[in-house]
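Grab the structure and work through these exercises with it open. Each one sets a task and then walks through a solution.

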Amino acid sequence: MGNSHSRSPSTALDSHHVPTVPVIHRKRSSAFSALTLGCTSAPYAASLPSYREYPFREDHSFSDRDEKRSFDPPPLYAISTTPDIIEDAAADAYKAFLKEHPQYALTWTLDALRRCDFARLDRNGETYVDYMGGSLYPESLIRVHNVFLQRSILGNTHSVSNTSQLSAACAMEARQAVLSFFRAPPGYTVVFTANATGALKLIGESFPFGVGSAYVLGADSHNSVHGIRQFAKRRGAAISYIDSTDVGGFDAAEAKAVLSRHRPRGESAPPCLFAMTGQSNISNSKNPLSMIEFAAAQGYYTLLDAAALAPTSVINLSETPVDAMAISFYKMFGFPTGVGALVVKESFLARLERPWFAGGTVDVVQAPGSIVTLTAELYERFEDGTINYLNLPAITDGLRFLSAYLPFLPLRLSSLTRHLITSLSELRHDTTGTPVVQILSRRPNKIVRSVGEQSDTGSVVALLFLSPSGQMIPNSFVEYAASRHNISLRTGCMCNPGGAAALLGLRDAMAALPCNATLHAFEQEMGRELGVVRISLGLASDFRDVWRVVQFAKIMGDGAARTALWDEWLAGKTGLAF
């Protein structure tokens with residue numbers, strides 16, 4: 001009459017009880033332990049829990065062939081910091097780059113990672129610079145997960161069978177891995193969703209907005225954050241925006257002023273929500289996490305969109321105790337897609353009011369009738385239907401994998417981003433001497449010098465390509481030309497209209513939009529395509545990727561080469577050629 005499963009008290013699997021049945025141990029490899037103990041990432045990796053023990057029937061035990069559910073990164077010995085596969089023409093450029101950024105050599109372990117887990121990039125001749133759209137999966141993660149699926153029998157978690165208990169144990173292990181990865185103190189739980197958007201929607205539809213409530217957010221936010229305003233409006237709440245700066249993000253003083261102006265007045269006041277973007281997916285701006293603490297002190301409930309921040313930055317929920325945080329795992333380590341999470345305080349979750357119920361969220365449902373009793377476990381009330389139990393073991397392994405390399409990423413990506421911006425900014429058209437590109441996104445100010453140090457921006461470069469006369473070259477042509485040179489980048493507004501408007505100087509035009517506006521009409525009004533070219537670096541990026549992007553930009557500054565590509569593109573648009 002409620003959930004399709006019934007779990008007896010002795011076998012109920014939750015954060016407080018693990019079934020006392022025979023178990024299978026999942027061991028970490030000695031190579032993995034050597035890596036995490038032998039480099040700067042050791043304290044971070046060591047904070048993760050050991051693998052949980054899986055419940056398993058004694059007569060089906062794997063005790064004679066325990067699975068190795070971890071990774072074997074390269075051994076810790078000195079290796080060359082020069083990539084194995086690099087164009088001869090880039091060798092001198094790479095040496096010059098190392099002289100300019102000597103600290104980059106400290107990230108040699110990521111060169112080893114590129115060789116062993118992302119070799120397909122060089123085999124296929126692909127330059128992937130769209131990590132903000134989705135990270136690339138390490139090959140070892142797929143192999144390990146595939147072996148686990150081949151050897152295991154997993155059932156729907158809404159039961160008490162052996163196969164279901166194994167799935168439930170994997171799910172619980174994944175929850176604990178998420179909490180440990182983000183160093184969540186007691187009182188947090190994890191709700192698995194389809195993605196970060198699904199996590200944000202849960203908050204929007206369930207937050208108890210009312211007349212007198214306020215929803216405060218930054219203009220430089222993803223559409224999934226903007227979309228919460230629809231729920232707030234329907235319940236009579238006021239919407240208040242924090243303006244973006246010209247290079248995205250927000251000014252801290254202005255943000256505090258807006259939050260102070262709209263804060264709840266008194267303990268009995270309707271609840272207010274502040275949603276903050278940790279890192280913009282278009283402007284490269286990082287907003288200060290200290291704003292979460294300020295908003296909480298003003299009486300707000302707080303929500304952090306960490307989808308763009310989590311892949312390359314350390315987030316410590318013990319230091320930044322946000323009420324809820326949304327993440328997508330494919331943006332962190334590439335696999336699996338279709339799984340995200342809401343990392344949330346249980347006390348906050350208890351205040352949310354879901355507008356419906358579904359299988360898996362309830363204990364008793366009167367039918368026909370109106371009586372509904374929700375399940376006792378808070379996170380289950382928000383996980384509609386059956387969770388993605390076949391892929392959750394990959395979350396645990398993916399987080400362990402990323403934890404070993406995350407401390408190196410800010411140093412590596414900051415060096416590459418600074419070099420990319422400098423190199424692109426120096427390019428000139430061969431006919432007029434005018435700039436080939438215009439950098440729009442925020443440039444890093446801080447020089448990251450050591451492993452474990454955090455950067456002041458992300459690793460995103462948003463730009464426009466310019467014609468010799470200084471006019472914007474259509475982004476659709478740039479995307480075509482990049483694909484012809486095996487470069488995967490992205491163009492458009494990146495589902496971030498406020499950030500795009502700020503970078504493109506279109507905030508007044510955005511404010512004047514009619515209620516029936518379409519993108520086509522907006523572009524006609526502006527007289528050009530809207531959006532930017534976005535280059536974003538990530539886990540597997542190295543100097544070769546940046547060098548190839550710069551070489552492509554040089555082609556765009558070469559009149560003859562650019563014209564040939566332009567003619568190809570036009571012919572393809574008219575159906576006459578490629």
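Buried residues (under 20% relative accessible area, with exposed over 50% and partly exposed in between, for a 1.4 Å probe and protein chains only) make up 54% of the 578 residues in the chain. This is a predicted model, so local features need pLDDT of at least 70 and side-chain atom pairs count only at pLDDT 80 or more, while totals for chains, interfaces and linings use all residues. Residues are numbered from 1 along each chain as its sequence is written, and side-chain values use heavy atoms, with hydrogens and water left out.

**Exercise 1. Get an overview of the chain.**

Step 1. Count the secondary structure: the chain has 22 helices and 17 strands. Helices (H or I, at least four residues) and strands (E, at least two) are DSSP runs, numbered from the N terminus.

Step 2. Look at contacts, meaning heavy atoms within 4.5 Å. Take those between residues at least 6 apart in sequence: 75% of them join residues at least 24 apart.

**Exercise 2. Trace the seven-stranded sheet and find its edges**.

Step 1. Read off the strand order, which is E4-E10-E9-E8-E7-E5-E6 in an open sheet with mixed pairing. Two strands pair if DSSP finds at least two bridges between them.

Step 2. Find the strands that pair on one side only: these edges are E4 (188-193) and E6 (238-242).

Step 3. Check the twist. Neighbouring strands are turned by 20° against each other on average, ignoring direction. For angles in general, axes are lines fitted to C-alpha atoms, for helices over the stretch in contact, and the values run from 0 to 180 degrees between N-to-C directions.

Step 4. Add helices. H7 (residues 162-181) packs on the sheet, where it touches E4 and E10, and its direction makes about 120° with that of E4. H12 (residues 290-297) also packs on the sheet, touching E7 (273-277) and E8 (301-305), and its direction makes about 175° with that of E7.

**Exercise 3. Work out the surroundings of E8: is this strand mostly covered or exposed**?

Step 1. Go through its residues: five of five are buried, so E8 is mostly covered.

Step 2. Sort the side chains. Tyr301, Leu303 and Asp305 point one way, Thr302 and Leu304 point the other way, and all are buried.

Step 3. Pair E8 with E7: the two run parallel and are joined by five bridges. Leu273 sits opposite Tyr301 here.

Step 4. Pair E8 with E9: this is a parallel match over three bridges, with Met325 in E9 as the bridge partner of Leu304.

Step 5. Go one strand on. E9 (residues 324-328) and E10 (residues 340-345) run antiparallel, joined by five bridges, and Ala324 stands opposite Val344.

Step 6. Follow the connection from E7 over H12 to E8, which is a right-handed β-α-β unit. Right-handed here means that, with the strands pointing away from the viewer, the path from the first strand over the helix to the second runs clockwise.

**Exercise 4. Describe two helix pairs by angle and distance.**

Step 1. For H7 and H15 (residues 392-405), the axes come within 7 Å and cross at roughly 25°. That makes H7 roughly parallel to H15 (under 35 degrees; over 145 is roughly antiparallel, 65 to 115 roughly perpendicular and the rest oblique).

Step 2. Give the handedness: H7 passes H15 in a left-handed crossing (the near helix is turned anticlockwise from the far one by less than a right angle; clockwise would be right-handed). Residues in the contact include Ala174 and Phe181 of H7 and Ile395 and Leu399 of H15.

Step 3. Repeat for H11 (residues 252-261) and H12, which pack at about 20° with axes 10 Å apart. These two are therefore roughly parallel as well. H11 passes H12 in a right-handed crossing, and the contact involves residues including Leu259 of H11 and Phe294 of H12.

**Exercise 5. Place His419: which residues does it touch**?

Step 1. Locate His419 in H16 (residues 409-425).

Step 2. Classify His419: its relative accessibility is 14%, so it counts as buried.

Step 3. List its partners, not counting residues up to four places away in sequence: Phe97, Glu100, His101, Phe543 and Val546.

Technical notes
Left-handed = near helix turned anticlockwise from the far one by under 90°.
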